[in-house]
Amino acid sequence: MNLGIAGDTVIVTASSAGLGRGSAEALADEGANVVICGRDPERLESAERELAGLDGSVVGVETDITNKEDIDALVEAAVEEFGGVDHVVTSAGGVPPGGFADTTEKEWYGAFDMLVMSAVWTVKAARPNLEASDAGTITCITSTTVKEVADDLILSNAVRRSVIGLVKSLSRELAPSVRVNAVLPAAHETSRIEELVEAGVERGDHDTYEAGLQSWADDIPLGRIGGPRELGDVVAFLASDRASFVTGACVPVDGGRLASD
Ligand SMILES: NC(=O)c1ccc[n+]([C@@H]2O[C@H](COP(=O)([O-])OP(=O)(O)OC[C@H]3O[C@@H](n4cnc5c(N)ncnc54)[C@H](OP(=O)(O)O)[C@@H]3O)[C@@H](O)[C@H]2O)c1
């Protein structure tokens, strides 16, 4: 599909793997210039290499998104490389799984930095460029847990909802120059899902890794877990002018998993 975003510049946070990488791939496939980031330089370089053949340029910047200075430097690098920023896509690392009794105060604050402040810092740093663009958008990758809680994911269940408050508020405050939306993945094949399945096996919820993975698929009407690109394609659409009247939306990309509207 031609989304009309060729030549636009996009920053995708936490994007050397998983859903961020799937989004970077979809955007670069449409000809956008994409700045990806992550902490591990080898993982980042290999993502940069793998995405190099697509229509848009892809540049990796080593970044820890729980560190404000790193995020400021990420945005500066994007402006230096491509002359501006038209779109921001925020993804993040996973936060520790577990129930209320398992989590420490330090983990609660850590989850807040990882999921909420990383998005706040990115938007704050990129806002002048987004407002100067004639196509500015922000798309936050969150989770279906913002609508229906999942067992043994208390930090994601509780903390991520702030990102939806941020998205809804920004969609009003930054209108009409910047559109702001969220996508809500359920289960997509990434190392995060591997981690959650392994935690379930360790807790004794499932006998094997395969049984654990199947239980995620069984919960999804389409009968399978998604791929990272299936999330990325929706992210690319929301960033494009094809979604020009969509702002403040929370779009599930979940194979029908959410039972509520
Ligand atoms: N996969 C799913 O089905 C699913 C469903 C709902 C919600 N989510 C949520 O969506 C987000 C992304 O999940 P995912 O599946 O893409 O995870 P993933 O496959 O584990 O990938 C995470 C990416 O984030 C980077 N990252 C982690 N911590 C970082 C940090 N502090 N600074 C910069 N980059 C960082 C990782 O690179 P480095 O480790 O090298 O930094 C990697 O590139 C997570 O918050 C996850 O909980 C995922």
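Visitor: Which element gives the largest share of the shell around the ligand?

Guide: That is helix 7, with three residues. A helix here is a DSSP run of H or I of at least four residues, numbered from the N terminus. Bear in mind that this is a predicted model, where local features need pLDDT of at least 70, side-chain atom pairs count only at pLDDT 80 or more, and totals for chains, interfaces and linings use all residues. Residues are numbered from 1 along each chain as its sequence is written, and side-chain values use heavy atoms, with hydrogens and water left out.

Visitor: What makes a residue part of the shell around the ligand?

Guide: One of its heavy atoms must lie within 4 Å of the ligand. The shell holds 29 residues, and Ser16, Leu19, Arg160, His188 and Thr190 are the closest. By class, eleven are nonpolar, twelve polar and six charged.

Visitor: How do you know that serine 191 makes a polar contact with the ligand?

Guide: A side-chain N or O atom of serine 191 is 3.0 Å from a ligand oxygen. The limit for a pair of N or O atoms is 3.5 Å, so this pair qualifies. A polar backbone atom of alanine 17 is 2.9 Å from an oxygen of the ligand, and a backbone N or O atom of threonine 63 lies 3.5 Å from a ligand nitrogen. Of the 880 Å² that the ligand exposes when taken alone, the protein buries 94% (Shrake-Rupley method, 1.4 Å probe). Helix 1 (18–29), helix 4 (105–132) and helix 7 (191–203) are the elements that give two or more residues to the shell.

Visitor: Why is the pairing of lysine 68 and aspartate 72 called a salt bridge?

Guide: The rule asks for a side-chain nitrogen of Lys or Arg within 4 Å of a carboxyl oxygen of Asp or Glu. Here the closest N and O atoms are 2.9 Å apart, so the pair counts. Both residues sit in helix 3 (residues 68–82), four residues apart, about one turn of the helix. The whole structure has twelve salt bridges.

Visitor: What makes a space a cavity?

Guide: On a 1 Å grid over the protein atoms alone, a 1.4 Å probe fits there but cannot get out. One cavity of 30 Å³ or more is found, and the largest cavity has about 70 Å³ of space. Its lining includes Thr90, Met114, Ile141 and Arg160, and helix 4 gives the most to that lining, with four residues. The lining divides into six nonpolar, four polar and one charged residue.

Conventions
A polar contact is a pair of N or O atoms within 3.5 Å; within protein, one must be able to donate a hydrogen and the other to accept it, and residues adjacent in sequence count only if both atoms are side-chain atoms. Ala, Val, Leu, Ile, Met, Phe, Trp, Tyr, Cys and Pro count as nonpolar, Asp, Glu, Lys and Arg as charged, and the others, Gly among them, as polar. On a 1 Å grid over the protein atoms alone, a cavity is a set of points where a 1.4 Å probe fits but cannot get out, and a pocket is an open set with protein on both sides within 12 Å along at least five of seven lines; lining residues have an atom within 4 Å of a point. Grid points are joined across faces, edges and corners, and a volume is the space filled by probe spheres set on the points.
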